[in-house]
Amino acid sequence: MNEVKEALRNIEQNYKLFLQQQFTFIGALQHTRENAHDMIRPVASISQVQSYMEHHCNNSTDRRILNMFLNICNDLSKLCHKLETVHSGNNITNGILERCKLLLSHSNDLSTIRAKYPHDVVNHLSCDEAKNHYGGVVSLIPIVLDCMKEWVAHIEKLPQPMLYDVSGGSAISEKRASQDAPARAAISQTPLSVRLEAQTSNSNKDNVQVQGSKHIQKKNLNDTKNHSGKLKGPWKPPGRHAF
């Protein structure tokens, strides 16, 4: 799960750099559309942008920014497939992933999608550009990023044993951890005063047992001394015998 979050953060950082160059991106699309004599229809798919870059791009600046857009879309597509291996999913998370995959499909029509507040990518376009040409293509990445953040938020609310390793491994360790969790929770939830009282009680019992043992040993020793010190009568030297 941490790997997914890290990948998502990296894509967001790349997108922020791309967002700072939105006017360059729109300029590149304008130039390549002119070169392709394709000024009427809107830029409505990822494959259309790729075709412009591969066949109608004649300067390095335009190629660089178009390639940056395509790379971010490709990274999002890879992450979308990786999410499927992280969690078995439910209706909500599966629906989010399906929408992401649909949006990132190279042939999907993007002309009708629009990124809404707090995103302002569409607001940076003229009315004509937003409505008839570039409103959909500039909205693609922020919409997909929002969907993936929503997916992560839903996943974090679900039971952890359902999580799987990104490499496809099992969740045995997670299941064991969840099985041990109640015992740990019971210990942690026991008030500290109760635990200290129990420890003190056990310690006092040990002290009583030790003291009792010492008392018994002392009593036995005294009894032994008294027994050995008793004589049947006063000692007298042996008498002389008359001959």
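**Entry 1. Contacts along the chain**

I looked up how far apart in sequence the contacting residues lie. Among contacts with a separation of 6 or more, 69% join residues 24 or more positions apart. I note that this is a predicted model. The chain has nine helices and zero strands. Reading along the sequence, I get α-α-α-α-α-α-α-α-α. I then checked burial over the chain. Of its 243 residues, 30% are buried.

**Entry 2. The largest nonpolar core**

Which residues touch the most other members of the largest nonpolar core? I found Phe25 and Phe69, in a core of 52 residues. I listed the elements that give two or more residues to this core: helix H1 (2-19), H2, helix H3 (46-56), helix H4 (60-86), helix H5 (91-104) and helix H7 (140-156). H4 gives the largest share, twelve residues. As general background, nonpolar side chains tend to be buried together in soluble globular proteins.

I followed Phe25 next. Leaving out residues up to four places away in sequence, phenylalanine 25 touches Phe18, Ile65, Leu66, Phe69, Val137 and Val138.

**Entry 3. Helix H1**

I checked the length of H1. Its 18 residues should span 26 Å at 1.5 Å a residue, and the end C-alpha atoms are 25 Å apart, which agrees. I then listed its buried residues: Val4, Leu8, Ile11, Glu12, Tyr15 and Phe18. They lie on the same side of H1, because they cover an arc of only 115° around the axis. The general rule for an α-helix is 3.6 residues a turn, so residues three or four places apart point the same way. What do the buried residues of H1 pack against? I found H2, H4 and H7.

**Entry 4. Arginine 9**

I stayed in helix H1 for arginine 9. Is arginine 9 buried or partly exposed? Its relative accessible area is 43%, so I put it down as partly exposed. Its side chain makes a polar contact of 2.7 Å with the side chain of glutamate 6. I also looked across to leucine 145. Arginine 9 and leucine 145 are 136 residues apart along the chain, yet their C-alpha atoms are separated by 9.9 Å.

**Entry 5. Aromatic rings**

How many aromatic pairs does the whole structure hold? My search gave four. I examined the pair of phenylalanine 18 and phenylalanine 69. The ring centres are 6.0 Å apart and the planes stand at 40°, so I call the pair tilted. This pair links distant parts of the chain. Phenylalanine 18 sits in helix H1 and phenylalanine 69 in helix H4, 51 residues apart.

I checked burial for both partners. Phenylalanine 18 has a relative accessible area of 6%, so it is buried. Phenylalanine 69 is buried too, with a relative accessible area of 1%. I also noted one aromatic cluster, formed by Tyr15, Phe18, Phe25 and Phe69. Two members of that cluster, Phe25 and Phe69, came up earlier as the residues touching the most other members of the core.

**Entry 6. Helix H2**

I repeated the length check on H2. Its 14 residues should span 20 Å at 1.5 Å a residue, and the end C-alpha atoms are 20 Å apart, which agrees. The buried residues of H2 are Gln22, Phe25, Ile26, Ala28, Leu29, Thr32 and Arg33. Their arc around the axis is only 155°, which puts them on the same side of H2. I looked up their packing partners. They are H1, H3, H4 and helix H6 (127-132). Just after H2, I found histidine 37 with a positive phi of about 55°.

**Entry 7. Threonine 32**

I picked threonine 32 from helix H2 (residues 22-35). Is threonine 32 buried or exposed? Its relative accessibility is 0%, so it counts as buried. Where does a polar atom of its side chain lie? I found one 3.1 Å from the backbone oxygen of leucine 29. I then looked for contacts, leaving aside neighbours within four places in sequence. Threonine 32 is in contact with Tyr52, His56, Cys57 and Leu66.

**Entry 8. Serine 77**

My last look was at serine 77, in helix H4. Serine 77 has 23% relative accessibility and so counts as partly exposed. I checked it against lysine 101. Their C-alpha atoms are 6.9 Å apart in space, and the two residues are 24 residues apart in sequence.

Terms used. Residues are numbered from 1 along each chain as its sequence is written. This is a predicted model: local features need pLDDT of at least 70, side-chain atom pairs count only at pLDDT 80 or more; totals for chains, interfaces and linings use all residues. Side-chain values use heavy atoms; hydrogens and water are left out. Helices (H or I, at least four residues) and strands (E, at least two) are DSSP runs, numbered from the N terminus. Buried means under 20% relative accessible area, exposed over 50%, partly exposed in between (1.4 Å probe, protein chains only). A polar contact is a pair of N or O atoms within 3.5 Å; within protein, one must be able to donate a hydrogen and the other to accept it, and residues adjacent in sequence count only if both atoms are side-chain atoms. Contact means heavy atoms within 4.5 Å. A nonpolar core is a set of buried Ala, Val, Leu, Ile, Met, Phe, Trp, Tyr and Cys residues joined through side-chain atoms within 4.5 Å. The expected span of a helix is 1.5 Å times one less than its number of residues. The arc is that of the directions from the helix axis to the C-beta atoms. Rings of Phe, Tyr and Trp (its six-membered ring) pair if their centres lie within 6.5 Å; planes under 30 degrees apart count as stacked, over 60 as edge-to-face and the rest as tilted.
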